[in-house]
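Biologist: I would like to learn how to read a structure like this one. Could you take me through it feature by feature?

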Amino acid sequence: MRAFTQPSFVAACQAPWTGSNSAVEFTQEIKSEEVDFGGGAAKAASEEHIPVLLREVVHSLIQADSGVYVDGTYGRGGHCRSMLARLAPDAKMIGLDRDPEAVAAAQVLAQADSRFSIFHARFSQLADVLEQAGVVGGAQGILLDIGVSSPQIDDASRGFSFNADGPLDMRMDPTQGLSAAEWLNTAVEEDIAKVLFVHGEERNSRHIAKNIVAARPLSTTLQLADIVEACVPRNRNNMGKHPATKTFQAIRIFINAEDQELRAGLEHAFAALAIGGRLAVISFHSLEDRQVKHVFRGLSRPPSMPRRLPVRHSDQGISARLIGKSIKAQSDELATNPRARSATLRVIERIC
Ligand SMILES: C[S@@+](CC[C@H](N)C(=O)[O-])C[C@H]1O[C@@H](n2cnc3c(N)ncnc32)[C@H](O)[C@@H]1O
């Protein structure tokens, strides 16, 4: 293990950038399996998290089998392993995750495949990570599969779930910042209501915030879920969903500063691309997708100009082109992974 000088991130396990035998053996092993989300490489390698839109990510991101690729949200490595299976022995893959448990899981892959190295870092720190990794000339492909992983949700002790009782934590990186309980027990009512409304589009935000403040101190997930349940009237629109879904989403986004992360992550990831390199982003709710769409449009559309003016892309301020439209999971994937229903993939290519 090699720790870098910046306290903000750590190269948890850095493999040398050589096409050693272990890389080749690993490639051959995984290349024999298909990229499919129901079984095969992804599932065998990542029992706890089924990667979404795997086929589409690999297809749109891998244009050349060498160069530098980045998985900015390693999770349990489903996407990462499938991309590695498409890459040559001299390619490099850099993984990041802010969750120490994901980083620990990634160390197994880093030891098995010398093309891969993992960093405990946020994707907003990508520029620093690439500098520390000695990457020059930019990345060929970068993936951000944002949000939480199944292992994070399924482990009640992480505090993300309203279905199982656990400490009200919700931090993707429990070594940083305030837990959900610490924030809810100290924040003013108006701020809680604002967070629920802005990040969860929760109509009952004021009522829920009032009841949270009245019930303090909160310490467990089910305590919070019960408070919300008592405030959210059941109606036709929310029958299929747990009443606490929006509240938990909003608090998680706030506690992990996910909107700031996404904004900075998109900027840093795009800047880290080589010319011709691609950035793929998977989001899981409309607020995030809107943000991605807005940034991608800004990069790929010229400001309005008189028609037929002979101007180059660079003169127009265009630095990218969109690769297709937004992509949703197809029925075969939905049949095996219902979580893919809310996923949207957008891809952009840097052109100058
Ligand atoms: C949806 S999962 C990714 C799953 C992964 N693609 C796979 O196939 O296993 C999201 C992961 O991104 C991580 N994450 C979320 N926001 C992050 C950020 N700003 N920087 C780094 N990692 C982040 C989470 O900790 C989680 O492990």
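Modeller: Gladly! Let us begin with one residue: methionine 170 is buried, because 27 other C-beta atoms lie within 10 Å, and the cut-off for buried is 20 or more. Please keep in mind that this is a predicted model.

Biologist: Where in the chain is methionine 170 found, and what is its phi?

Modeller: First the general idea: most residues other than glycine have a negative phi, and most peptide bonds are trans. Methionine 170 has a positive phi, near 70°. Its place is the loop between α7 (150–154) and α8 (180–184).

Biologist: What is phi at glutamate 201, and is that residue buried or partly exposed?

Modeller: Glutamate 201 also has a positive phi, near 50°. This residue belongs to the loop between α9 and α10. It counts as partly exposed because it has 14 C-beta neighbours inside 10 Å.

Biologist: And which residues does a cis peptide bond join?

Modeller: Arginine 216 and proline 217 are joined that way, with omega about 5°. You will find proline 217 in the loop between α10 and α11 (221–231).

Biologist: Helix α10 keeps coming up. How do I read its crossing with α9?

Modeller: Two packed helices are described by the angle between their axes and the distance between the axes. Here the axes of α9 (residues 189–200) and α10 (residues 205–215) come within 8 Å and cross at roughly 135°. That angle is why α9 is called oblique to α10. The crossing of α9 past α10 is right-handed.

Biologist: Which residues make the contact?

Modeller: From α9 come Glu189, Ile192, Ala193, Leu196 and Phe197, while α10 brings Ser205, Arg206, Ile208, Ala209, Lys210, Ile212 and Val213. Sorted by class, this contact has eight nonpolar, one polar and three charged residues.

Biologist: Now the ligand. How many residues surround it?

Modeller: There are 25 residues around the ligand, and the closest are Pro51, Thr73, Gly75, Gly78 and Asp99. By class, the shell has eleven polar, seven nonpolar and seven charged residues. At least two shell residues come from each of α4 (78–86), β3 (92–97) and α13 (258–271).

Biologist: Finally, how many helices and strands does the chain have?

Modeller: The chain has 16 helices and nine strands. Of its 352 residues, 47% count as buried. Among contacts between residues at least 6 apart in sequence, 68% join residues at least 24 apart.

Definitions and conventions: Residues numbered from 1 in each chain as written. Predicted model: local features only at pLDDT ≥ 70, side-chain atom pairs only at ≥ 80, totals over all residues. Near = placed C-beta within 6 Å. Helix = DSSP H or I, 4+ residues; strand = E, 2+ residues; numbered from the N terminus. Nonpolar A, V, L, I, M, F, W, Y, C, P; charged D, E, K, R; others polar. Axes fitted to C-alpha atoms, helices over the stretch in contact; angles between N-to-C directions. Parallel < 35°, antiparallel > 145°, perpendicular 65-115°, else oblique. Left-handed = near helix turned anticlockwise from the far one by under 90°. Contact = placed C-beta atoms within 7 Å. Buried ≥ 20, exposed ≤ 12 C-beta atoms within 10 Å, placed from the backbone.
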